[in-house]
Every structure is written in structure tokens, then in C-alpha cells.
Amino acid sequence: MRLALLGCGTVGSEVVRLLHEQSADLAARIGAPLEIAGIAVRRVGRDRGDLPVDPAIFTTDPLALIKREDVDVVVEVVGGIEPARSWLVEALRAGKSVVTANKALLAEDGASLHDAAAEGGADLYYEASVAGAIPLLRPLRESLHGDRINRVTGIVNGTTNFILSAMDATGAGFAEALEEATELGYAEADPTADVEGFDAAAKAAILASLAFHTRVTAADVHREGITEVTAADVASAKAMGCTIKLLCIAARGADAAGRETVSVRVHPAMIPLTHPLASVSDAFNAVFVEAEAAGQLMFYGRGAGGAPTASAVLGDVVAVARNRLAGARAASESAYADLAVRPMGEALTRYHISLDVADRPGVLEAVAGVFARHEVSIATVRQGPAGGGPAGRGDAELVIVTHVAPDAALAATVRELRGLEIVRSVASVLRVEGGA
């Protein structure tokens, strides 16, 4: 079985190394040896250390490599939308199986890849696109195919989880924790994709598509990052017996007419310390799946890095290679449900709201009236001096946690609170998930 490898960076070079080190075992598992027919890179002459391959197999023409008749499987670890989409569509239409780690492409236009795979009768595998080495996507699309998944909640970005874990452990602010993450190599020089939630949103779209048999794109995902999370927010979470995580949440629901829908969102949220995801720290990932028959399932491990991601890539390579030798094909895309994606405003959640207010009679009544007008029920109220300082300075802090309500009603409540004369500022708004 001969592979075309597109990309030879952090992940690609680990794929090459593992192929070389485990060649005998891989051949035994597949029933035939794996060979690299060629590696497409930007610069052929770049120093690649002691990579165990013949330099002659490098090329700067990926399309020519894909079209070679001796190529059976195409492995793509370049990333991005184009030209990766064109390369993979070409391979799939030609009947060549594809293994990819390209979450951005799958989340934006996975439909074109699945359609090309169906047209060419080829396999499309992408375990490495979400949560690195954690076996997650295969269980969702195969092991749990006989069950009904109701909700998927996950920590799927290691950078943001490291930052929030550091803030929780040390009391540092966002900027200081990001600086530490950068120094340790957990954050890129430009961390926008991570800290603003773009990376997690792409992964959420992929998870929702598999869990709910519906094509979900990144554009369908409500996205908020962690840049506004403060040390004070983390302290408030601790006071409630909670911690803050950037969560991807995909859940079944129903619209006003009773039709089944799905909601998909990424945002920071407080979760109780008793929740299984609360103990996931550092740069680890975890996904919590709730199914009707199987119940609650937890998938945990390293969600990024060259070696873990390469492990997932090679797992897919073994699967597609065995299928080709057997003249078989894996199950195709399952999007039969075609459920509508519910807007964020209809998602059910809870809010933790911190207000700086005037310290005078009638304030609490006025604030409660705003919640009542939007039909939002208050679960708890805590009052103290503004900023945690001494009383008697004319201002006070109100910390309010709501019961579950539609996000639109909660957001409208916050907007009206901002306009009240007695409210000096809305210091913080965070969602609360997981039954805290």
C-alpha cells in the first residue's frame, strides 16, 4: 500500500517517523507493507534532520503526486481550506482513500469531501481532526451508531484549557496566563484561533455532524472566546464551587413547533467541580457524551501535538488500507436526519451576572423586576461591597445566578440591566453549565 503524504511539518514528520519505526507491526496489521510514494512540501531542500526517507521522494507538486497511479492512500496534514480542498476532492473522485487532520476544511466544507468520496467510492477518515490521539470520532460514527446521542460537551482546545487552568491555579489574569502558555509552547505566536474560539468551533461542528447525523458547519456554531474572562470571574467561580472552561456544547432540542433541532455553541462557562470535565487541566482535552442507551461516556487524553496527532492519523491509515485490500469501503457519511440548527437565542442555559450597583433601598427590587419582565427566574443572589472592598462607599456588588432560560431572554435581561440608572456597570456575565 503506497501513501502520498501532503505536508511534512510537526505532524507529517511524526507520521514518517512512526511509519518507519513500526513498519513491521503495521504491515502485519494491514496484511501488506506501507510505503511512502512521495511527500509534497513547499521547499524540497529544507533541512529535515534525520527523517528516515529518501530525499528524492520530496516534491513541490502535490497534484501530480496525487494523480500517480501507484498511490493508494492520500494523507493530508497541511491544513487550511485551499488548496487542500482541491487536492482531496481530486484524490477522492479518483477513488483514492483520504486521511486528513484538517478540521478547518471539514468544518467549513466537509460536504464537498463527503460528496467526492461517494462519487469515487473511496474512504474519508479524519480522526486526527478533533482531540488529537483521543479515539473519539470513530466511536461516534461507528460504536455509537446504534444509539441516540442527546448531548456532547467537550474541552477540545488545549491552549485555552491551559490558560484557564493556570488562571484557576494561580489567580493570574488572562494576559499573564497567555504569556506563560506562549513561553511553554502551548500557544502560537498569533493565538487568535485558539483564544477566540475558532479552533474549538470547527471541532464542535465536526462533533455535531457525527453525533446528530446532520451537516453542521463552523458558520452554524455560536462562538465566544476566553479573552474577556478575568481573575475576578475565576474567583467568583471558585466561590460557587465551580471552575471556568471553554466548552463546546452540541445538544438536541426542539423549536417552537416541536420539530427536533440541534444547537451548537462554543463559549466559556462555569461548571461545578463535581462535573467530570472540571478536573481536566493543563493542555488536555476531554469530551463528555450523553446517549440514551449507553448513558454517560468520557473520552480523555492529549488533544494536540505531533506524536499524538500522528498516532490518530496512522490509526486511520491502517483502517483505510485494510479496506482497500479487502475490496471494501467504510460506512459513508450519515446525514439523513438533516436537523435544523437552532439559533443561539433558543439555547437553554443559565447566567452568572455580576453587577456594580448603587447601595440604596429599592435596588434589589428594581433589578429583580428586570428579570421578571423577561421571564427569567433567579436562583441565587449574593450581595457585598463593590469590588470586594469595605462597605459604606455608596456602591455594592450583586452576584446573581439564574435558573435555566432561553439565551435570548437572558441576553435581553443583561441589556436592560446595563441601561438602569442604579447599575453602575455589568462587571461580568458568564454562562453556567452542568447543574451548578
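In which hand of crossing does helix 2 pass helix 12? Keep that question in mind as you open the model, which is a predicted one. We will start at this helix pair and then walk through the sheet, the pocket, the cavity and two backbone spots.

**Stop 1: the helices around helix 12**

Select residues 23-30, which are helix 2, together with residues 306-326, which are helix 12. Look along the line joining the two axes and you have your answer: helix 2 passes helix 12 in a right-handed crossing. The axes of this pair lie 9 Å apart, and the packing angle is about 45°. Helix 2 and helix 12 are therefore oblique to each other.

Now keep helix 12 and swap helix 2 for helix 1, residues 10-21. The axes of helix 1 and helix 12 come within 8 Å, crossing at roughly 60°. That angle makes helix 1 oblique to helix 12 as well. The crossing of helix 1 and helix 12 is again right-handed.

**Stop 2: the open sheet**

Next, show the strands as a cartoon. Six of them make an open sheet, and reading across it gives the order 3-2-1-4-5-6, with parallel pairing. Colour residues 58-59 (strand 3) and 124-125 (strand 6): these two stand at the edges with a single partner strand each, so one side of each has no neighbour in the sheet.

Stay at the strand 3 edge and add residues 35-40, which are strand 2. Strand 2 runs parallel to strand 3, and two bridges join them. Pick Ile39 here, and you will find Phe58 of strand 3 opposite.

**Stop 3: the largest pocket**

Turn on a surface and look for the largest pocket, with about 1,100 Å³ of space. To find its centre, select Lys103, Glu188, Asp199, Ala304 and Gly305, which lie nearest to it among the 38 lining residues. Helix 1 and helix 12 from the first stop return here, each giving two or more residues to the lining; so do helix 5 (103-120), helix 7 (158-170), helix 9 (192-195) and helix 10 (198-212). Colour the lining by residue class and you should see 15 nonpolar, 17 polar and six charged residues.

**Stop 4: the largest cavity**

How many cavities of 30 Å³ or more are there? The count comes to one. The largest cavity holds about 40 Å³ of space. Select Tyr125, Tyr126, Glu127, Leu137, Arg138, Arg141, Leu210 and Asp316 to show its lining. Helix 6, residues 137-143, gives the most to this lining, with three residues. By class, the lining of the largest cavity has four nonpolar residues, four charged ones and no polar ones.

**Stop 5: two backbone spots**

Finish with the backbone in sticks. Most peptide bonds are trans, and most residues other than glycine have a negative phi. Where does Pro83 sit? Pro83 is in the loop between strand 4 (73-76) and helix 4 (84-93). Centre on the peptide bond from Glu82 to Pro83: this bond is cis, and its omega is near 10°.

Then move to the loop that runs between helix 10 and strand 8 (222-223), where His213 lies. His213 is not a glycine, yet its phi is positive, at about 55°.

Key
Residues are numbered from 1 along each chain as its sequence is written. This is a predicted model: local features need pLDDT of at least 70, side-chain atom pairs count only at pLDDT 80 or more; totals for chains, interfaces and linings use all residues. Side-chain values use heavy atoms; hydrogens and water are left out. Two strands pair if DSSP finds at least two bridges between them. Helices (H or I, at least four residues) and strands (E, at least two) are DSSP runs, numbered from the N terminus. On a 1 Å grid over the protein atoms alone, a cavity is a set of points where a 1.4 Å probe fits but cannot get out, and a pocket is an open set with protein on both sides within 12 Å along at least five of seven lines; lining residues have an atom within 4 Å of a point. Grid points are joined across faces, edges and corners, and a volume is the space filled by probe spheres set on the points. Ala, Val, Leu, Ile, Met, Phe, Trp, Tyr, Cys and Pro count as nonpolar, Asp, Glu, Lys and Arg as charged, and the others, Gly among them, as polar. Axes are lines fitted to C-alpha atoms, for helices over the stretch in contact, and angles run from 0 to 180 degrees between N-to-C directions. Angles under 35 degrees count as roughly parallel, over 145 as roughly antiparallel, 65 to 115 as roughly perpendicular and the rest as oblique. A crossing is left-handed if the near helix is turned anticlockwise from the far one by less than a right angle, and right-handed if clockwise.
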